[in-house]
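Visitor: I am new here and would like to learn how the labels on a structure are earned. Could you walk me through this one?

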Amino acid sequence: FADHIVPIWPLFYRSGSKDEENPPTDTLAFHFESRLSSGNLPFFARPTLGGSETQRGYIEGRWRDDAVWDAAAEYRFWVLPRGFTVWRHIRVERVGAALFYEVGGVGDDAPALFHQSLIHSYGVSARVTVERAAIFRADFGFSREGFNFSAGFGLPF
């Protein structure tokens, strides 16, 4: 797998100052992943696509075989870059969103990946960061099979 994140100019706020300990940063994030299996694995142990981290427009484990690959691009931006107190010492640090597009494929072996049709999904994700350590997200993914909602803790990649 490989990930690459590129900071970009903010869309909805002024960028942070050098005095800030943790300035908000809008980013473009790119991801590529390939997984291969061999031997007599049970069906549920084979590599999958679909769910809360890969191909978010499909249900969990929708695509499954001995070889899979997935590539994703995500534009992550903050709408409310500086937080507010919710109750006593509980603080929402940031509120943001992300637009994503994913493409991938499955096959019964590595060479078959190049002969299969592509799997696409796209969507939008809502992000809330609580106390700088906890990123919660809700993903609304779309694919040729319809709509899929998933929620998670942390970033998908």
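Guide: Gladly! Let us begin with a term: a polar contact is a pair of N or O atoms within 3.5 Å, one able to donate a hydrogen and the other to accept it. Keep in mind that this model is predicted.

Visitor: What makes the pair Q55 and S121 a polar contact?

Guide: The side chains of Q55 and S121 are 3.2 Å apart in this pair. The cut-off is 3.5 Å, so the pair qualifies. Q55 has a second such partner in D70, with the two side chains joined at 3.0 Å.

Visitor: Where is Q55 found?

Guide: Q55 sits in the loop between β3 (48–49) and β4 (63–64).

Visitor: Why is Q55 called buried?

Guide: Buried means under 20% relative accessible area. Q55 has 0%, so the label fits. Leaving aside residues up to four places away in sequence, Q55 touches L49, G50, D70, E102, V103, G104, I119, H120 and S121.

Visitor: What is the phi of Q55?

Guide: The phi of Q55 is positive, about 50°, although Q55 is not a glycine. Most residues other than glycine have a negative phi. R88 also has a positive phi without being a glycine, at about 45°.

Visitor: How do you know whether R88 is buried or exposed?

Guide: Exposed means over 50% relative accessible area. With 66%, R88 is therefore exposed. R88 belongs to the loop between β6 and β7 (90–107).

Visitor: And L11, what makes that residue count as exposed?

Guide: L11 has a relative accessibility of 51%, and the cut-off is over 50%, so L11 counts as exposed. L11 lies in the loop between β1 (2–8) and β2 (26–36).

Visitor: Which residues form the nonpolar patch on the surface?

Guide: The patch is formed by L11, F12, V79, L80, F84, V86, W87 and I90, with about 770 Å² of accessible area together. A patch residue needs over 30% relative accessible area. L11, at 51%, is above that, so L11 meets this requirement.

Visitor: Which strands each supply at least two residues of the patch?

Guide: They are β5 (67–80) and β6 (84–87). The largest share, three residues, comes from β6.

Visitor: What makes up the largest nonpolar core?

Guide: Six residues do: L49, Y58, W63, V68, V106 and I119. Another core lies apart from that one, with five residues, including A67, W69, A71 and V103. In soluble globular proteins, nonpolar side chains tend to be buried together.

Visitor: How many helices and strands does the protein have?

Guide: There are zero helices and 10 strands.

Visitor: How much of the protein counts as buried?

Guide: Of its 157 residues, 41% count as buried. The protein exposes about 9300 Å², and carbon and sulfur atoms supply 62% of that area. Its C-alpha atoms fill a box of roughly 55 × 30 × 30 Å along the principal axes.

Methods:
Residues numbered from 1 in each chain as written. Predicted model: local features only at pLDDT ≥ 70, side-chain atom pairs only at ≥ 80, totals over all residues. Heavy atoms only, no water. Helix = DSSP H or I, 4+ residues; strand = E, 2+ residues; numbered from the N terminus. Buried < 20%, exposed > 50% of the residue type's maximum accessible area, 1.4 Å probe, protein only. Contact = heavy atoms within 4.5 Å. Patch = residues over 30% accessible without salt bridge, like charges linked within 9 Å, V, L, I, M, F, W, Y side chains within 5 Å. Areas by Shrake-Rupley, 256 points an atom, 1.4 Å probe, with all protein chains shown as cover. Salt bridge = Lys/Arg side-chain N within 4 Å of Asp/Glu carboxyl O. Core = buried A, V, L, I, M, F, W, Y, C linked by side-chain atoms within 4.5 Å.
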